[in-house]
Structure formats: C-alpha cells, structure tokens
Amino acid sequence: MKEYKILWLMFACTLAVQMQFTLAAYTMSETCMFYHEGYIADPDSVNGYGYCRGGELIAAGSCLGEFVYNPRTAQCDHADNVDGGVKHGNSCNADEASSYVADPDDCSRACYCDNGTYSCVSCPTYQVFNPSLKACVYMAEYQCPQVSICRLIPNGKWVADPDKCGNYLTCLEGNGVSTSCPDGLYYSQSTNSCTPTNVCAPVTEPPETITLGPGVFIPLPNSPTACAVNPISSSDDDPFFVEDGHTCMGYYSCERIGSYGIWNKCPVSTHFDQSQQACVTPFTVKCRHDRCGNLNQSFVSALGCTDYYYCLYETEQEGMDRSCASINPNYPYFNEQRGACVNQIPDFAICNKY
C-alpha cells in the first residue's frame, strides 16, 4: 500500500503542475467528466461533436457536407452562423490585415490576415493573447475563454465547475460564472442538481484493486535468449529489435543473433511494431498485450474495436472493460483516436482481429 500512496502523490503533483500551466482547451472526454448528459463540440474538428452520459464520452460524430457543428445550439449549422472564423479556416478580409484576433483553439496564439487567409503566431512562454489589448500578457493578467469548459457546451446548460468542487457553471456563449448551491448543498453532475451529498470528499489513495502492468514503472530484465531469432533477416551479424512478449511498448535490442537482449521502451504515446522495427502510433499495430502501457489515455480499444478498456497508471484494469454496443447500439465501435464510441468501424489495424 505504501508504494501506491507514493505513486498517487506523484500523480497528484504532476496533475497540479499541468493544470497550472496548461493553456489547451478541454478535450471531449475531459468535458464529459463534468457534464451530466448531452451533445458537446469536438475541439479538434469544426464538424465534429460528441455525446456525454454518465461522466463518459459515449459517442462521436460529424456534421455532413459543408455544415459545421454549432456548440451554442448543439446543432449542425451553416459556418456563417457559428463563431470562430479562424478555427473554421475561413478566408479573411483586407480590413483585418492589420489587426490581430485571438485563436479560438489556443489562448497562447494570435492570428492575422495574410493574403486572404489567417496566419498565426505564438506568444512567449507563460503568456496569452489579450484580444482587447491586441497584445500578449502574462496568464495572471488575463483569463482566456479558450480554457473554459463551457466552450464545448450549449448555451443554458449546467456543468460542474472544474476549479471549485460543489459549484456549477451556467454556460453562455462559451463562458460561465461559478455559482454555489444554496443552503450548503453541492452540485452533482451525475444528477444535474444540487444535493446534500458531499461530492467533494477528498480521495486520499487509489482503489485497493489497482494493478500495475509489466514495464510501466520497473523495466523488464535483459534477456540471454531474446535474440535467438532475427525476425527480419537470416544473417547472423545484422542488428535487430524483437518484441518483448509481455508489453506493447517494450522491445529487446540485439547486436546479432545469439547476443544478449537489452530491454528498451518506446517513446511515450507509441508502441513497438516488430515488422517495421520501429515505434509507431499504437492503433496501427495489433498488439495482443496490455495496450494501456506507455499511453496517457483513460481508455484504449480492444482488438476488434467493439470493446474498450479503462486505463489507470498505464495499466488495463481487470473487470473494467466496456462494450460500445451495450451503451448505445447505434454506436457499436470504439475509436481510440477520438476516445469515443462511433457508428462506423475505424480504419485502424487494431480494428481487424485477424
């Protein structure tokens, strides 16, 4: 139990630092953690949207044709009716050539009109763009709306305040004012109401049943037998890499056939593909081991893309797998790239079981 507490403290400290300096907008999965139920916008796609239920992103889709998703009305709409010309990549007018506007996707960037299209530049580190001053300022001097969780949520909807537990935001035009419940009550996103239950009780340690996968925190041992066969060449003297047989992200480095195998781990967010002798995007290689390893994701797809697994400490948690079809039969496939159930099977290697 002691090692779990240490890991939990390390995780909490890392999260605190990330929250202090991160400028990026909330993802759909993060937004659903605070939203009761309903449609939300996809910050990575002007046409995209998702659907939240029970604290999870259970489905994702896209508007058809030239329509874009309007986050204020939760409908597919004409681009002219949706705010955020820079995000939509629309052409700009000559009148805007000398004027900077805020990048609606990134508070640290400003955009200007250059030959009919928007070009963007970044502010110095730890600074954000203030559209009123038309200048970059330090984060403490300007609260940028891009990082508001209301940015993806329709007008008039309630969402839990991520910065003040027990409070809620009433979203309007991408922003919300933190409001406390009356009479000592607490806002609960699970019921979308103020309740007497203290939803802000501190979590002091992770669940008792947490498991840690091989190679996540402790490297696998080097192997005297891993290099017995070269999977890509018959030459005894050619160097090669071979999968470790226990993880998706680990491999043995071999100087030649019969040499001692030195265990290594791929860079973060990648898995090892023996056929390519390289670390690659995870959903492009069909690994049959724990696919949570080396990934900073809450959910990963099972092979076949109809089920998905819950990850904690880069480890697949047993008994916490879910079926997309059981949640919503209209969205039976899991898209690992989007972190959501979708209505069409993704064109990924992991979605083909065979």
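In this predicted model, Val 242 stands opposite Tyr 252, a residue of strand β17. The two strands involved here are β16 and β17, the latter covering residues 250–254, and they pair in the antiparallel sense over four bridges. Together with β18 they make up an open sheet of three strands, arranged in the order β16-β17-β18, with antiparallel pairing. The edges of this sheet are formed by β16 and by β18 (262–265), each of which pairs on one side only. On average, and with direction ignored, neighbouring strands of the sheet are turned by 35 degrees against each other. For a reader new to such arrangements, it may help to recall that strands of a sheet pair through backbone hydrogen bonds, either parallel or antiparallel.

Another open sheet of three strands follows the order β6-β7-β8, and here too the pairing is antiparallel. Its edge strands are β6 (101–102) and β8 (117–122), each pairing on one side only. Between β6 and strand β7, which spans residues 109–114, there are two bridges in the antiparallel sense. One residue pair can be picked out for a look at the model: Ala 102 has Ala 110 in β7 as its bridge partner.

A further set of paired strands is found around β2, which comprises residues 48–53. Five of the six residues of β2 are buried, so this strand is largely enclosed by the rest of the structure. Strand β2 pairs with β1 (residues 37–41), to which it is joined by five bridges, the two strands running antiparallel. Within this pairing, Tyr 39 has Tyr 51 of β2 as its bridge partner. The connection from β1 to β2 is a hairpin that passes through six residues. Strand β2 also pairs with β3, again antiparallel, and this time six bridges join the strands. Here Gly 50 stands opposite Ala 60, which lies in β3. The hairpin formed by β2 and β3 has two residues between the strands, and Gly 54 in the turn shows a positive phi of about 65 degrees. As a general point for viewing these strands, the side chains of a regular strand alternate between the two faces of the sheet.

Attention now turns to the disulfides. The count for the model comes to eleven disulfides, and three of the links are described here in turn. In general terms, a disulfide is a covalent bond between the sulfur atoms of two cysteines.

One of these links is formed by Cys 63 and Cys 76, with sulfur atoms 2.0 Å apart. This disulfide is left-handed, with -85 degrees about the S-S bond. It connects distant parts of the chain, 13 residues apart: Cys 63 sits in the loop between β3 (56–62) and β4 (68–70), whereas Cys 76 belongs to strand β5 (residues 75–77). How buried or exposed are these cysteines? Cys 63 has a relative accessible area of 7% and is therefore buried, while Cys 76, at 40%, is partly exposed.

Cys 181 and Cys 194 form another disulfide, in which the sulfur atoms lie 2.0 Å apart. The link of Cys 181 and Cys 194 is left-handed, with -75 degrees about the S-S bond. Distant parts of the chain are again brought together, with Cys 181 in the loop between β13 (175–180) and β14 (186–188) and Cys 194 in strand β15 (residues 193–195), 13 residues apart. Cys 181 is buried, with a relative accessible area of 8%, whereas Cys 194 is partly exposed at 24%.

A disulfide also joins Cys 292 to Cys 311, with an S to S distance of 2.0 Å. The torsion about its S-S bond is about -75 degrees, so this disulfide is left-handed. The pair links distant parts of the chain, 19 residues apart: Cys 292 is in the loop between β20 (278–280) and β21 (299–301), and Cys 311 is in strand β22 (residues 307–312). Both Cys 292 and Cys 311 are buried.

Finally, the surface carries a nonpolar patch formed by Leu 212, Phe 217 and Ile 218, which together have about 300 Å² of accessible area. Phe 217 lies in the loop between β15 and β16 (240–243). With a relative accessibility of 44%, Phe 217 counts as partly exposed.

Notes:
Residues numbered from 1 in each chain as written. Predicted model: local features only at pLDDT ≥ 70, side-chain atom pairs only at ≥ 80, totals over all residues. Heavy atoms only, no water. Disulfide = S-S within 2.5 Å. Buried < 20%, exposed > 50% of the residue type's maximum accessible area, 1.4 Å probe, protein only. Patch = residues over 30% accessible without salt bridge, like charges linked within 9 Å, V, L, I, M, F, W, Y side chains within 5 Å. Areas by Shrake-Rupley, 256 points an atom, 1.4 Å probe, with all protein chains shown as cover. Salt bridge = Lys/Arg side-chain N within 4 Å of Asp/Glu carboxyl O. Pairing = 2+ DSSP bridges. Axes fitted to C-alpha atoms, helices over the stretch in contact; angles between N-to-C directions.
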